[in-house]
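Here are some notes for someone opening this entry without having seen it before. They are meant to be read beside the structure.

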Amino acid sequence: MWHNVWAVIRREYLQRVRSKWFIAATVGGPVVMAGLIFVPAWLAVQSDRNEFNLAVVDGTGVLYGELAPRLERGGFEVEEARWHADVVTDLRRRANEGEIGGFIMVDELTLETGEAIYYSMDVPSALRQVTVQTSVARAALEYQLRQQGVDAEALLGGGELQVEVISEAGSDISEPQFAIAYIGAFLLYMVILLYAVSVMRATLEEKTSRIVEVIISSMKPSELMLGKIMGVCAVSLTQMAIWIGAAIALFAGAIPMMIAARPELANLENLRQVVPGAGLMLLFLGFFLFGFLMYSGLYAAVGAMCNSDEEAQQAQFPMIMLLVVPIVMVTPVIQAPNTPMATGLSLFPLFSPILMWARVSGGGVPVWQVALSFVLMAVMVWVIAWIAGRIYKVGILMSGKRPTLPELWRWVREA
Amino acid sequence: MSDDGFALRLDGVTKKFGKHTAVDSFDFEVPRGVICGLLGPNGSGKTTSIRMIMGILGPDEGTVSLYGEDPNVTRRTKVGYLPEERGVYKKMKCLELITFLGEIRGLTRAEARRRGGGWLDRLGLPEWADKKVEDLSKGMQQKIQFISTVIHEPELLILDEPFSGLDPINQDVLEEIVRDYHAKGTTILFSTHLMDQAERLCERVCLISNSKKVLDGDLKEIKAAERRGIVAVEFEGTDTWIEGPEVDHVEQADDGLHLILRDGEDHQPILSRAVNAGARILRFDLVEPRLHEIFVRHAGDGAVGDAGMPSGARMSSWNEHVGPGGV
């Protein structure tokens with residue numbers, strides 16, 4: 001038996017992995033993601049480093065100490081130029097000779113209003129202007145506040161809000177957690193549907209091209225169905241492994257390197273907060289696997305009972321509804337994850353992949369509920385395999401009209 | 001079940017689709033090592049019978065056995081099956097498809113690949129090994145199908161309409177390969193509605209019509225048994241002697257006039273009548289009946305166009321190939 005199943009898995013896997021669509025989606029996904037993050041950063045790095053060499057002419061005598069570290073954190077190299085009558089002419093000459101990229105003049109007025117003059121060899125990018133402007137303004141503000149005895153750094157850092165939950169049922173959900181729950185639920189919906197439909201299309205193609213006759217004369221329908229589902233499953237896991245690997249490389253490797261090289265890109269660090277940890281990733285894979293196994297069984301049965309794409313489009317409607325209902329419920333469930341309704345819906349096996357995920361990734365779900373949802377999903381996989389396997393066995397060799405529900409029931413009983 | 005000496009045996013096999021009986025208590029054996037033709041018009045139950053042999057359909061009544069055993073045990077490795085509707089994975093490369101189909105018939109991957117390559121060479125398709133199946137013509141796809149049917153060197157080949165869709169040259173190529181396999185001792189069962197092809201190739205035939213078996217057995221024996229039925233004559237002079245109680249009707253054939261005798265009648269009285277009438281007899285020949293004539297004689301002309309062939313189109317396609325006077 002396994003010789004056959006293995007042959008089907010390998011055929012399905014190689015055929016799909018080699019397809020242009022797979023390569024485009026698998027490689028294209030991370031490339032686009034990385035591109036969105038790196039291209040602007042790369043463009044910044046590419047420009048002449050010379051323009052980040054700044055001289056600061058400090059007319060106040062007190063501001064340079066505040067300003068220099070801020071500019072350095074923003075990626076500039078800073079030197080202090082002493083104030084004298086010809087300083088502007090002098091620095092202009094040095095800039096023209098390429099020694100420095102420009103210079104900043106600060107004076108007493110700067111201490112009061114934050115105004116300064118930035119002489120630049122080129123038109124500075126918006127990012128560079130903002131960096132210089134905020135550095136100057138903050139340096140001035142902090143200097144002034146320190147004079148008043150205020151801890152400006154802590155205050156300007158945005159303070160700190162300690163959250164304490166007082167209700168028993170409530171659980172706190174932060175913004176990044178909400179994003180993980182929400183995006184994850186949508187991703188689950190998309191990948192489960194995408195790959196389950198792949199199983200349906202493959203089944204339909206085998207049926208309509210009649211190659212299934214040759215195959216079924218050499219193996220049992222159940223072997224073909226199992227091999228097909230496992231083959232597509234392997235493809236999906238490959239694709240996700242590549243995506244996750246790329247994301248890890250991006251966040252663990254590339255972004256810290258970028259930030260080290262260009263400190264002004266420190267904002268990229270914030271992206272990390274929406275990257276789920278290893279535990280959540282495993283849960284995501286678990287929900288995907290069980291969701292895929294349940295829905296691919298149903299979709300295989302649909303493919304086997306139909307004779308054309310149009311028929312299949314109509315026949316898959318109940319499955320689409322089963323996937324859309326939890327998607328509609330995602331937001332309320334994330335916001336109130338522990339109501340009886342949220343608990344009940346998320347324990348229904350066909351909804352679990354999306355709704356239990358949404359609750360778990362938001363935090364605050366008892367472990368036993370997660371475990372129970374996996375047990376229930378496993379039972380459901382078995383039930384679906386049993387029913388769908390029977391429909392598949394009859395349908396795959398049947399031609400003619402699509403069966404009605406009573407006929408389907410007879411197939412299940414008699415197969 | 002025990003070994004009964006037959007490669008294939010059907011006992012009282014019946015298949016119904018709703019109210020329509022597609023195959024009606026079909027008894028049929030194929031001895032080992034013979035080429036056997038399953039003949040009948042479209043819609044007579046050939047493909048349904050073959051699908052039941054292959055386990056694609058389950059019989060409502062009766063049993064199928066292969067080599068005296070449960071077919072589900074022996075089918076996969078001992079039988080090579082070419083279905084009537086030839087499906088392929090269009091996006092696969094030719095050699096990969098052959099390899100896959102060899103694999104599921106019990107070969108190792110490497111062996112399937114090696115044999116597939118050998119077959120592509122033999123059929124003059126080596127440059128197509130890495131081309132996608134969808135780029136091939138229908139006829140070439142059919143060759144790929146045929147290769148995957150025989151790649152595991154089965155003991156029994158079951159070919160459903162193997163020659164349809166092939167040009168005459170490739171029909172000859174295929175016929176040659178079928179003869180080769182026969183020479184090697186392979187048992188071959190093929191269905192066809194082309195009577196002359198069956199006549200050329202088969203040692204045994206089984207005629208079915210309207211879901212029922214009409215006749216089966218050794219082709220030579222059948223023909224010998226049917227021989228006295230037709231007399232081919234060429235003559236000069238009067239033709240008044242032709243009409244007589246023995247003669248059912250007269251047909252104009254390529255090799256002269258055919259006198260079709262009534263059942264059980266002897267040709268001798270006709271000859272003496274002709275001599276008495278003064279006709280000059282150039283030829284008086286007992287003709288081996290053509291399969292078509294045998295078929296019509298047993299099934300009746302009406303049977304050819306009766307129930308079991310729902311559409312007029314199907315009947316006309318039967319007539320095109322083997323219709324009266326066309327053989």
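1. The largest nonpolar core holds 134 residues, and the members with the most contacts inside it are A:Tyr299, A:Ala300, B:Leu97 and B:Ile158. Helix α11 (residues 278-305) of chain A supplies the largest share of this core, 15 residues. As background, nonpolar side chains in soluble globular proteins tend to be buried together.

2. A second core of 23 residues lies apart from that one; A:Val56, A:Leu63, A:Ala81 and A:Ala95 are among its members.

3. Which residues does A:Tyr299 touch once its neighbours within four places in sequence are left aside? A:Tyr299 is in contact with A:Ala196, A:Val197, A:Val199 and A:Met200, and also with A:Gln316 and A:Met319.

4. Please keep in mind that this is a predicted model. The mean pLDDT of chain A is 83, and 87% of its residues score at least 70. Within chain A, confidence is highest in helix α16 (residues 367-395), at a mean of 92, and lowest in helix α7 (residues 152-156), at 67.

5. One stretch calls for caution. Over residues 167-171 of chain A, pLDDT stays under 50. For these residues the model has seven contacts beyond four places in sequence. Where pLDDT is low, the predicted coordinates should not be read in detail.

6. Chain A is assigned two domains: domain 1 covers 49-156 and domain 2 covers 170-414. How many Å separate the centres of domain 1 and domain 2 of chain A? Taken over C-alpha atoms, the separation is 55 Å.

7. On the contact between the chains, 16 residues of chain A meet 18 residues of chain B. On the chain A side, α1 (2-17) and α9 (211-216) each provide at least two of the touching residues. The element of chain A that gives the most to this side is α9, with six residues. Sorted by class, the side of chain A that touches chain B has eight nonpolar, five polar and three charged residues.

8. Turning to chain B, its secondary structure consists of twelve helices and 13 strands. Chain B has 327 residues, of which 41% are buried. Among contacts in chain B with a separation of 6 or more, 71% join residues that are 24 or more positions apart.

9. For a reading order, I would suggest the largest nonpolar core, with its 134 residues, then the side of chain A that touches chain B, where α9 gives the most residues. Residues 167-171 of chain A, with pLDDT under 50, can be left until last.

Notes: Residues numbered from 1 in each chain as written. Chains lettered and ligands numbered in written order. Predicted model: local features only at pLDDT ≥ 70, side-chain atom pairs only at ≥ 80, totals over all residues. pLDDT = per-residue confidence, 0-100. Helix = DSSP H or I, 4+ residues; strand = E, 2+ residues; numbered from the N terminus. Contact = placed C-beta atoms within 7 Å. Core = buried A, V, L, I, M, F, W, Y, C linked by C-beta atoms within 7 Å. Buried ≥ 20, exposed ≤ 12 C-beta atoms within 10 Å, placed from the backbone. Domains from an automatic or database assignment. Nonpolar A, V, L, I, M, F, W, Y, C, P; charged D, E, K, R; others polar.
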